[in-house]
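Let's take a walk through this model together, starting with one small loop and working outwards. Please keep the sequence and the 3D view side by side as you read.

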Amino acid sequence: MSELKPFLGLLRRHQGWVLLGSFLGLLTLFSSIGLLTLSGWFISATALAGVTLASAQAFNYLTPGGGVRGFAIARTAGRYFERVTTHEATFRVLAELRSWFYAHLEPLNPARLRHYRSADLLSRITSDINALDNLYLRVLSPSAIALITSLLVAGFMAWIHASLGFLLLGALLLAGFGVPWLGYLWAGQRGAEQVQLSAHLRARTLSYVQGMTELHVYAALEREQQALAQTQNDWLRLQQQMSLISGVTSALMTLAAGLTTFAALAIAIELVSSENLAPAWLALVVFCVLASFEAIAPLPLAYQYLGKTRAAARNLLEITQQRSDISFPDTRVNPPDPGQIEWSAVNFAYEGREVLQDFTLQIAAGEKLAITGHTGSGKSTLINLLTRFWEAQSGEIRLGGVPLNHYPQEQLREQMAILSQPVQLFAGSVRDNLRLAGDDISDTEMLQLLQRLGLDTMLGNEGLDREVGEGGNRLSGGQRKRLGVARALLKKAPILILDEPAEGLDAQSEAQMLEVVLSYRPEQTLLLITHHTQHLQAFDRVIRLDRGRLVGV
Ligand SMILES: Nc1ncnc2c1ncn2[C@@H]1O[C@H](COP(=O)(O)OP(=O)(O)OP(=O)(O)O)[C@@H](O)[C@H]1O
């Protein structure tokens with residue numbers, strides 16, 4: 001259970017709401033038991049009082065009647081406020097959990113996250129975190145309430161007669177521990193399997209939806225649908241097994257309540273016969289015993305799903321306990337030569353696969369440099385190292401004359417505007433996407449640049465409000481690229497890095513785009529990665545990378 005410890009710490013931060021919710025839960029349960037107990041006594045006492053005229057006149061109807069009404073009101077109001085506060089507590093804890101998880105996820109560089117699928121990470125941040133609401137709402141608070149209630153109600157019964165007290169305490173402890181424990185053991189690994197299977201189902205569904213065009217084209221739709229249906233069936237089978245367990249444990253609880261009530265009735269009849277108990281108390285005992293089982297009724301379901309909660313907790317901790325291998329200092333640096341880039345004897349391998357060998361290159365501030373080379377020769381890797389998404393195994397990279405690892409993360413990001421491969425556009429308008437480059441960019445500036453890049457016709461009547469669709473899917477490949485180039489150009493940074501900006505562009509659009517890129521910020525250092533060797537005459541230098549080494553500098 002150690003995996004749940006960090007989450008208990010998070011609960012403590014909202015202990016006011018947590019305790020209030022539990023207190024109201026306790027109050028509601030007492031009102032409910034009190035209502036049934038007092039009603040049982042009131043009905044039988046009233047009936048017995050009516051046997052003779054004298055006893056009927058002497059009987060006080062008002063106080064117990066008021067008590068019944070009081071309990072009924074307290075139960076209704078208590079239930080309402082208990083729901084409000086426990087849900088408030090849960091939502092606060094969930095919000096805290098999401099921020100906590102994201103705060104741990106965000107610093108993990110792509111190198112750390114490469115083994116996770118994005119649908120898997122999404123699943124952790126949504127359903128795994130949601131599964132943790134079971135911990136407070138269904139496990140901790142109801143268990144504490146059940147224990148306190150069992151002790152108090154059994155104490156009350158013992159006050160009536162010791163044998164009734166022992167019977168109720170024994171039955172509540174046995175059923176309250178035994179049945180949930182049985183549910184927990186029986187569910188076993190099924191809860192954990194549910195977590196893995198639903199993440200798998202989500203990832204599979206996502207890739208099915210995203211890849212529908214390819215699946216259609218390759219006539220593989222049916223095969224993928226069958227695989228998806230198989231995963232879904234596995235998931236449903238697991239759900240059925242869990243439903244069977246909850247059905248059986250809930251039946252056991254009802255059986256335990258029935259048997260205990262029956263035993264309590266037998267004892268109470270004996271006590272009434274031996275005149276150790278007033279006859280009117282017979283119904284009180286029966287109703288009180290029956291109602292007290294309400295305290296332990298929710299426990300089996302909670303403990304049955306505890307395995308799921310634990311698996312969700314482990315999933316989250318697997319991410320949050322990772323430390324980024326790349327750390328950034330806090331103090332800003334003062335680069336003497338902003339825009340200058342220098343790689344000195346850099347060696348780099350992805351998990352043992354060598355990409356850069358003794359790589360040395362200097363780019364002067366303001367220089368316009370194009371890097372060409374075969375696919376897979378390591379061009380994009382240069383960007384991965386410059387952004388510190390990955391760290392070189394040896395050698396040094398300097399930016400503006402300062403070692404790269406001396407830059408705080410924010411300052412490092414300020415140094416570069418990057419068009420990555422593939423370009424990432426966000427669902428929203430053209431303006432929303434360009435705004436990422438800076439909040440202070442005016443519409444006029446955006447429109448002028450889009451016009452220079454030949455993108456003004458794409459805007460149509462909507463202008464900058466034109467929606468680009470999810471991932472830019474309402475734009476053509478070439479329009480997406482150019483919009484990405486525009487965003488990179490709009491960012492005021494000493495260095496501009498463009499990875500394959502000409503991909504998907506015809507020769508004329510490519511020449512137009514390069515002309516804009518070279519002239520938009522003349523003082524900016526430009527590092528262009530491309531397979532296209534035409535239109536590079538205006539660059540200061542064109543170099544070629546071959547299997548991680550420079551050739552033809
Ligand atoms: N995240 C990664 N993990 C493992 N290997 C990688 C990773 N990224 C790239 N590689 C490998 O590193 C080598 C260099 O990749 P890189 O993307 O730098 O090449 P590139 O020259 O930019 O290729 P292209 O022109 O096709 O974009 C390739 O062999 C590639 O398979």
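Between which two elements does the loop with Glu500 lie? Glu500 sits in the loop between β7 and α21, where helices (H or I, at least four residues) and strands (E, at least two) are DSSP runs numbered from the N terminus. Before going further, a word on what you are looking at: this is a predicted model, in which local features need pLDDT of at least 70 and side-chain atom pairs count only at pLDDT 80 or more, while totals for chains, interfaces and linings use all residues. Residues are numbered from 1 along each chain as its sequence is written.

Back at the loop, Glu500 has a positive phi of about 50°, although it is not a glycine. Most residues other than glycine have a negative phi, and most peptide bonds are trans. With 19 other C-beta atoms within 10 Å, Glu500 is partly exposed. The scale behind that label runs from buried (20 or more other C-beta atoms within 10 Å of the residue's own) to exposed (12 or fewer), with partly exposed in between, and C-beta atoms are placed from the backbone.

Ala345 also departs from the usual sign, with phi near 45°. Ala345 belongs to strand β1 (residues 341–350) and counts as partly exposed because it has 13 C-beta neighbours inside 10 Å. For a peptide bond to inspect, go to Gln421 and Pro422: the bond from the former to the latter is cis, with omega near 0°. Pro422 is found in the loop between β6 (416–419) and α17 (430–435).

Now follow the chain into helix α21 (residues 507–520). Its 14 residues should span 20 Å at 1.5 Å a residue, and the end C-alpha atoms are indeed 20 Å apart; the expected span is 1.5 Å times one less than the number of residues. Glu510, Met513, Leu514 and Val517 are buried in α21. Seen down the axis of α21, the buried residues fall within an arc of 100°, so they line one face of the helix; the arc is that of the directions from the helix axis to the C-beta atoms. What do these buried residues pack against? Their partners are α20 (477–490), β7 (495–499) and β8 (525–529), with contact meaning C-beta atoms, placed from the backbone, within 7 Å. On the other side of α21, Gln508 and Ser519 are exposed.

Next, find the ligand. It is surrounded by 13 residues, and the closest are Tyr350, Thr375, Lys379, Ser380 and Thr381; a residue is counted as near when its C-beta atom, placed from the backbone, lies within 6 Å. Both β2 (353–363) and α15 (379–386) supply at least two residues of this shell, and α15 gives the most, with 3 residues. By type, the shell divides into 2 nonpolar, 7 polar and 4 charged residues. Here Ala, Val, Leu, Ile, Met, Phe, Trp, Tyr, Cys and Pro count as nonpolar, Asp, Glu, Lys and Arg as charged, and the others, Gly among them, as polar.

Finally, zoom out. The domain assignment, which is automatic or from a database, gives domain 1 (2–321) and domain 2 (341–552). Their centres, taken over C-alpha atoms, are 54 Å apart. Elsewhere along the chain, Val248 lies in helix α11 (residues 221–273), and its C-alpha atom is separated by 8.7 Å from that of Gly183, 65 residues away along the chain.

Definitions and conventions
Contact = placed C-beta atoms within 7 Å.
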